[in-house]
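Please open the structure in a viewer and keep the sequence panel at hand. The tour below proceeds by selections, each followed by a description of what is found there.

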Amino acid sequence: MGIESIEKAAVIGAGTMGSQIAMVCSLAGYPVTLQDVSGENLEKAKQFLGVQMEKRVKKGRFTAEEVETAFSRISFTASLDELREADLVIEAIVEKLDVKRALFKKLDEITPPHAILATNSSTIVSSKIADVTGRPDKVCNIHFFNPALVMELVEVVKGPHTSDETAQTSMDFVKKINKLPVLLNKEISGFIANRILGKLMDEAVYLFENGYAAFEEIDLVCTKALNHPIGPFALMDLTGIDVNYFVRMQRYEESGNERDKPAKIVQEKVEKGELGRKTGKGFYTYDNKKAAVK
């Protein structure tokens with residue numbers, strides 16, 4: 001299977017990431033099916049993408065006609081049956097292994113035998129999912145970064161079950177949608193960027209929880225002394241504090257190591273429903289509850 005075989009793409013999960021991935025594919029000319037079990041999430045995705053693309057039109061990055069055409073290529077649906085003609089499926093749902101495994105089992109039954117089934121997860125490697133399908137050679141990780149409309153890099157991860165052809169086709173597809181792919185030849189939870197970032201976040205949380213500095217000051221150090229575009233606490237608010245929580249819980253369940261558990265402050269935020277920008281409050285408080293994508 002080559003890149004020429006991918007004519008129709010599909011994205012599962014109409015959250016912030018999934019909706020943006022769908023738009024990225026559509027802007028590159030691919031018909032895309034964006035599926036979510038929640039009709040409300042699909043409506044929110046339409047509104048979110050409308051706002052984001054309107055900003056780009058105002059900035060002159062796209063014409064109104066180009067945006068209208070891109071939207072016309074996206075099918076919003078609550079039905080998995082509409083993925084029967086997809087050549088590539090990218091899953092972007094909740095970071096829970098059992099939920100992903102159940103979904104991939106259904107996808108294997110619904111999609112054509114040649115279709116590549118990819119997960120956007122950066123913590124759950126595809127070898128933990130591939131065995132529920134009859135096509136483990138066509139299962140891999142294709143990891144976009146938030147905000148996917150802006151971030152150029154995409155990590156493609158080849159599991160021990162993933163064929164060279166699937167990895168190459170995925171790399172080629174990422175280039176076709178105007179992103180920059182990097183290939184990981186072996187699986188490791190967190191991949192490259194998030195493993196490095198995770199160490200930074202762990203240290204930032206440790207310094208804050210132990211009273212060395214306020215979280216605002218720690219963010220300031222990272223942006224002004226280390227020249228990072230955004231501090232670790234502001235970044236957790238942007239990506240979702242619940243995402244950090246689920247990632248750490250997944251790691252803890254795998255390792256049994258207490259050090260891998262979510263930080264106490266992260267757990268408290270999740271219990272309070274203070275998940276960051278999407279809820280209007282995380283470490284910081286926001287007037288606009290929608291995640292800002294520039």
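The stops that follow concern confidence, the nonpolar cores, salt bridges, cysteines, two helices and one loop residue.

**Confidence**

Begin by colouring the chain by pLDDT, since this is a predicted model. The mean pLDDT of the protein chain is 94, and 96% of its residues reach 70 or more. Then select residues 289–294, where pLDDT stays under 50. For this segment the model has 24 contacts beyond four places in sequence.

**The nonpolar cores**

Next, select Ile-21, Leu-34, Ile-142, Phe-144 and Phe-173. These are the residues with the most contacts inside the largest nonpolar core, which has 36 residues. Helix H1, residues 16–27, gives the most to this core, contributing 6 residues. Centre the view on Ile-21 and display its surroundings. Leaving aside neighbours within four places in sequence, Ile-21 is in contact with Val-11, Ile-90, Asn-120, Phe-144 and Ala-148. A second core, separate from the one just described, has 16 residues and includes Leu-80, Leu-103, Leu-107 and Val-132.

**Salt bridges**

How many salt bridges does the count come to? The total is 17, and a few of them merit individual selection.

Show Arg-101 and Asp-131 as sticks. They form a salt bridge whose closest N and O atoms are 2.8 Å apart. This pair links distant parts of the chain, 30 residues apart: Arg-101 belongs to helix H4 (residues 97–110), while Asp-131 lies in the loop between strand S5 (116–119) and strand S6 (139–144). Arg-101 is partly exposed, at 26% relative accessibility, whereas Asp-131 is exposed, at 52%.

Remain on H4 and select Glu-109 with Lys-105. Both lie in this helix, 4 residues apart, about one turn. Their salt bridge has its closest N and O atoms 3.6 Å apart. Glu-109 has a relative accessible area of 58% and is exposed; Lys-105, with 45%, is partly exposed. Salt bridges that share partners also join Glu-91, Glu-95 and Lys-100 into one network.

For a further pair, select Asp-81 and Arg-84, which form a salt bridge with closest N and O atoms 3.2 Å apart. Is each partner buried, exposed or partly exposed? Asp-81 is partly exposed, with a relative accessible area of 44%, and Arg-84 is likewise partly exposed, at 45%.

**Cysteines**

Now select the cysteines. The count of disulfides comes to 0. Cys-140 is in no disulfide, and the nearest cysteine sulfur, that of Cys-25, is 13 Å away. Cys-140 is buried, at 0% relative accessibility. Cys-222 is also buried, with a relative accessible area of 5%.

**Helix H5**

Select residues 164–176, which make up helix H5. The 13 residues of H5 should span 18 Å at 1.5 Å a residue, and the end C-alpha atoms are indeed 18 Å apart. Which residues of H5 are buried? They are Thr-166, Ala-167, Thr-169, Ser-170, Met-171, Phe-173 and Val-174. Phe-173 was met earlier, among the residues with the most contacts inside the largest nonpolar core. After the helix, inspect the backbone at Asn-178, which follows H5 and has a positive phi near 65 degrees.

**Helix H9**

Move to residues 241–255, helix H9. This helix has 15 residues and reaches 21 Å from its first C-alpha to its last, close to the 21 Å expected at 1.5 Å a residue. Its buried residues are Ile-241, Asp-242, Asn-244, Tyr-245, Val-247, Arg-248, Gln-250 and Tyr-252. Against which helices do the buried residues of H9 pack? Display H4, H6, helix H8 (232–239) and helix H10 (264–272), which are the packing partners. The residue to inspect after H9 is Gly-256, whose phi is positive, near 75 degrees.

**A loop residue**

Finally, select Lys-186, in the loop between strand S8 (180–184) and helix H6 (193–209). Lys-186 is exposed, with a relative accessible area of 66%. Not counting residues up to four places away in sequence, Lys-186 touches Val-157 and Lys-158. To finish, draw a distance from the C-alpha atom of Lys-186 to that of Gln-267: the two residues are 81 residues apart along the chain, and these atoms are separated by 31 Å.

How values were computed. Residues are numbered from 1 along each chain as its sequence is written. This is a predicted model: local features need pLDDT of at least 70, side-chain atom pairs count only at pLDDT 80 or more; totals for chains, interfaces and linings use all residues. Side-chain values use heavy atoms; hydrogens and water are left out. A nonpolar core is a set of buried Ala, Val, Leu, Ile, Met, Phe, Trp, Tyr and Cys residues joined through side-chain atoms within 4.5 Å. Buried means under 20% relative accessible area, exposed over 50%, partly exposed in between (1.4 Å probe, protein chains only). Helices (H or I, at least four residues) and strands (E, at least two) are DSSP runs, numbered from the N terminus. Contact means heavy atoms within 4.5 Å. A salt bridge is a side-chain nitrogen of Lys or Arg within 4 Å of a carboxyl oxygen of Asp or Glu. A disulfide is a pair of cysteine sulfur atoms within 2.5 Å. The expected span of a helix is 1.5 Å times one less than its number of residues. pLDDT is the predictor's confidence in each residue, from 0 to 100.
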